[in-house]
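Please consider the chain shown below together with its sequence. The explanation that accompanies it proceeds from the overall architecture to individual residues.

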Amino acid sequence: MAGRINDDDVKVVRDAVPIDSVVSEYLQLRPAGGGNLKGLCPFHDEKSPSFQVSPSKGLFHCFGCQEGGDTIAFVMKIDHLSFSETVERLAARAGITLRYEDGGYNPSHQRGERIRLVEAHQAAAEFYVERLGGEEAGIGRQFLAERGFDQAAAEHFGVGYSPAGWDHLTRYLRGKGFSDKELLLAGLAQDGRRGPIDRFRGRLMWPIRDISGDVVGFGARKLRDDDNGPKYLNTPDTAIYKKSQVLYGVDLAKKDIAKASRAVVVEGYTDVMACHLAGITTAIATCGTAFGTDHIKILRRLLMDNGSARVIFTFDGDAAGQKAALRAFEDDQKFAAETYIAIAPDGMDPCELRLNKGDAAVQDLVEPRTPLFEFAIRQIVSRYDLETPAGRASALDEAGPIVARIKNGASQHEVAVQLAGILGILDTQFVVKRVAQMARWARDRGGRGPAGPASERGGRPGGPASAYDSAGTSASSSGPALNLRSPAHRTERELLKLALQRPELVSPAFDAYGVDEFTAPPYAAVRRAVEDAGGAERGTASAPEYLAGVREAAPNDAVRALVTELAVEVFHGKTIDEAYAGEQLVRVRLRAVDIRIHEVTGTLARLGSGQDPERQQAVQNELWVLQQYRQSLRNSGAAAL
């Protein structure tokens with residue numbers, strides 16, 4: 001054995017690699033105040049960033065799942081490495097030579113398994129790149145040239161070529177000190193009749209890197225007709241490569257994804273290359289599998305769910321592409337980002353589009369066009385004759401469960417209204433109620449029924465703030481989650497933050513607001529806690545006692561955690577003053593008034609004419625008063641409260 005790493009060297013490594021530079025390779029970090037940085041925790045699903053990094057202290061801590069520690073602890077946790085493997089990786093990054101307690105240096109064959117597998121992949125990538133320039137690889141260079149990629153493009157993406165012989169790479173890596181067992185574990189070789197042989201032979205090679213930039217696998221494109229293998233052959237799942245957990249190009253795109261709050265999801269390696277070369281440097285692709293939950297987790301950490309984020313899917317216009325779009329819609333509600341679909345008019349993929357129409361056409365393609373949910377619904381209803389009542393009813397029966405999968409009530413209602421318009425059904429409320437009924441059926445059947453399994457209904461991942469039922473009491477962690485896209489919910493959240501952090505700006509108006517004016521059940525529960533603690537006006541006298549009182553009044557730990565979260569979260573406004581507070585107060589009240597006007601209008605329509613004149617007059621009077629109040633709020637703002 002090489003022995004234990006010298007303690008002094010461990011300290012040198014820990015001090016030499018800034019924790020924020022390491023963490024930022026896995027998620028987007030933003031200022032959190034006090035010199036700290038924040039982001040979405042990579043160790044559990046959450047909607048609001050509770051993960052904080054202190055560069056000055058060299059520590060991280062998640063207030064949601066309580067994970068914490070130093071740089072070494074972070075890398076150990078996120079990459080599933082041992083302590084020694086982590087120190088060795090960080091030491092290599094910092095150019096530090098480690099000493100071991102027995103006085104020797106770590107022999108390469110005794111290093112950690114993951115590091116050895118990554119090193120084997122890196123050596124293989126260099127081998128393939130070198131072979132791309134050889135005579136045999138002419139067919140590969142021709143393939144690239146025909147798709148508009150020159151030598152510089154190949155070098156930028158690390159494209160290489162695997163020789164057509166049986167064991168060229170195997171013999172090369174043996175010469176580098178790698179064992180047959182390591183090559184088999186890495187998926188670079190496979191068992192042959194006379195020992196290990198190369199897995200990839202006579203193919204164009206794309207290195208697949210994880211988010212930190214390590215080569216963990218390869219995608220290999222068939223070039224010759226006598227190759228009986230699949231068109232694309234990928235590395236099998238290994239200790240360092242899981243196809244459902246990697247995104248091709250994410251190492252190149254991650255900074256621009258975080259900066260632009262936009263990601264473009266394409267279908268293949270050449271599509272990623274075409275997009276990047278056309279200036280769309282936020283493009284990524286899955287590696288031989290459908291876009292799924294683990295891919296969403298990677299993107300959410302980079303986008304940080306800031307409400308303005310966009311994810312744009314580009315799929316081929318054929319049946320397979322439409323099927324892929326529908327699969328993507330299955331997971332749409334796991335994003336806080338807006339999701340769109342982009343399909344070229346001629347059904348070309350981004351690589352073909354760039355080759356035929358140039359970079360500008362690719363740039364235009366990925367400008368958001370159609371919301372993904374609208375595309376998914378239209379694909380379903382297009383199979384029916386909407387000119388007939390039977391056709392509209394059948395289309396509703398198939399499209400309705402898709403909408404019912406949306407777990408947030410406000411979003412479900414909005415999409416159901418749009419579905420009514422697409423179907424041409426004039427009775428919008430009928431469609432809304434029908435969709436709600438389908439959602440109830442699914443819940444009553446334990447998540448199975450028209451809306452599918454609970455795990456497929458598209459709910460957003462929820463932390464403590466999402467574990468509520470309709471009364472604001474604690475429910476399961478898979479209960480209704482806050483809709484991070486909803487302007488109403490964002491405003492309610494901002495008003496509650498003001499009531500907790502700056503109560504002097506919203507008192508006494510806030511204390512006159514009813515619990516039912518907060519449409520998100522978790523926020524209604526916090527509003528109730530403020531009321532039970534004596535109201536926001538109490539907070540103008542003693543902030544610490546006021547917050548303690550609100551936390552004490554919370555009915556359960558979930559609401560209590562949300563109170564704490566809102567009490568420390570930064571505001572969205574640049575200037576937090578009476579004008580800003582008044583704006584939030586008015587927005588919440590206007591929303592409540594609009595909802596009541598909608599209810600009263602419905603009551604009036606149901607009463608008809610002449611059936612109950614006295615009741616009808618009373619309802620008309622209420623409607624008139626509400627409409628006048630709404631106009632006053634719009635004209636006079638907070639002065640009308």
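The paragraphs below describe the chain as a whole, then its hairpins, its open sheet, several helices and two single residues.

The model is predicted. Its secondary structure comes to 26 helices and 16 strands. Of the 641 residues in the chain, 51% are buried. Among the contacts between residues at least 6 apart in sequence, 65% join residues at least 24 apart.

The N-terminal hairpins offer a convenient starting point. Strand 1 (residues 30-33) and strand 2 (residues 36-39) run antiparallel and are joined by three bridges. Within this pair, Pro 31 has Leu 37 of strand 2 as its bridge partner. Two residues lie between the strands of the hairpin, and Gly 34 there takes a positive phi near 65 degrees.

Further along the chain, strand 4 (residues 59-62) pairs with two other strands, described here in turn. With strand 3 (residues 51-54), strand 4 pairs in the antiparallel sense over four bridges, and Leu 59 of strand 4 is the bridge partner of Ser 54. Four residues separate strand 3 from strand 4 in their hairpin, where Gly 58 adopts a positive phi near 70 degrees. With strand 5 (residues 68-69), strand 4 is again antiparallel, here over two bridges, and Phe 60 stands opposite Gly 69. The hairpin of strand 4 and strand 5 has five residues between the strands, and in this hairpin Gln 66 takes a positive phi near 70 degrees.

The side chains of strand 4 show how its two faces differ in their surroundings. In a regular strand, side chains alternate between the two faces of the sheet. In strand 4, Phe 60 and Cys 62 form the covered face, whereas Leu 59 and His 61 form the uncovered one.

An open sheet of five strands is found elsewhere in the chain, with the order 13-12-14-15-16 and mixed pairing. Its edges are strand 13 (283-285) and strand 16 (370-371), each of which pairs on one side only. Strand 12 (residues 262-266) and strand 14 (residues 310-314) are parallel and share four bridges; Ala 263 has Val 311 of strand 14 as its bridge partner. Helix 10 (residues 250-260) packs on this sheet and touches strand 12 and strand 13, its direction making about 130 degrees with that of strand 13. Helix 11 (residues 269-277) also packs on the sheet through contacts with strand 12 and strand 13, and its direction makes about 175 degrees with that of strand 13.

Helix 8 (residues 168-175) illustrates how burial can be arranged around a helix. Its residues Leu 169, Thr 170 and Leu 173 are buried. Seen down the axis of helix 8, these buried residues fall within an arc of 100 degrees, and they therefore line one face of the helix. The elements against which they pack are helix 5 (113-131), helix 9 (180-186), strand 7 (189-192) and strand 8 (195-198). Just after helix 8, Gly 177 takes a positive phi of about 100 degrees.

Gly 177 is also a contact of Glu 182, a residue of helix 9. Is Glu 182 buried or exposed? Its relative accessible area is 14%, under the 20% cut-off, so Glu 182 counts as buried. Apart from residues up to four places away in sequence, Glu 182 touches Arg 116, Leu 117 and Gly 177.

Asp 397, located in helix 17 (residues 389-404), presents another case. Because its relative accessibility is 43%, Asp 397 counts as partly exposed. Beyond its neighbours within four places in sequence, Asp 397 is in contact with Arg 434 and Met 438. With Arg 434 the interaction includes a polar contact between the two side chains, at 3.2 Å. The C-alpha atom of Asp 397 lies 9.9 Å from that of Val 381, a residue 16 positions away along the chain.

Helix 18 (residues 409-423) completes the description. This helix has 15 residues and reaches 21 Å from its first C-alpha to its last, close to the 21 Å expected at 1.5 Å a residue. Its buried residues include Ser 411, Gln 412, Val 415 and Ala 416, together with Leu 419, Ala 420, Ile 422 and Leu 423. Just after helix 18, Gly 424 takes a positive phi of about 80 degrees.

Conventions:
Residues are numbered from 1 along each chain as its sequence is written. Side-chain values use heavy atoms; hydrogens and water are left out. Buried means under 20% relative accessible area, exposed over 50%, partly exposed in between (1.4 Å probe, protein chains only). Contact means heavy atoms within 4.5 Å. A polar contact is a pair of N or O atoms within 3.5 Å; within protein, one must be able to donate a hydrogen and the other to accept it, and residues adjacent in sequence count only if both atoms are side-chain atoms. The arc is that of the directions from the helix axis to the C-beta atoms. Two strands pair if DSSP finds at least two bridges between them. Axes are lines fitted to C-alpha atoms, for helices over the stretch in contact, and angles run from 0 to 180 degrees between N-to-C directions. The expected span of a helix is 1.5 Å times one less than its number of residues.
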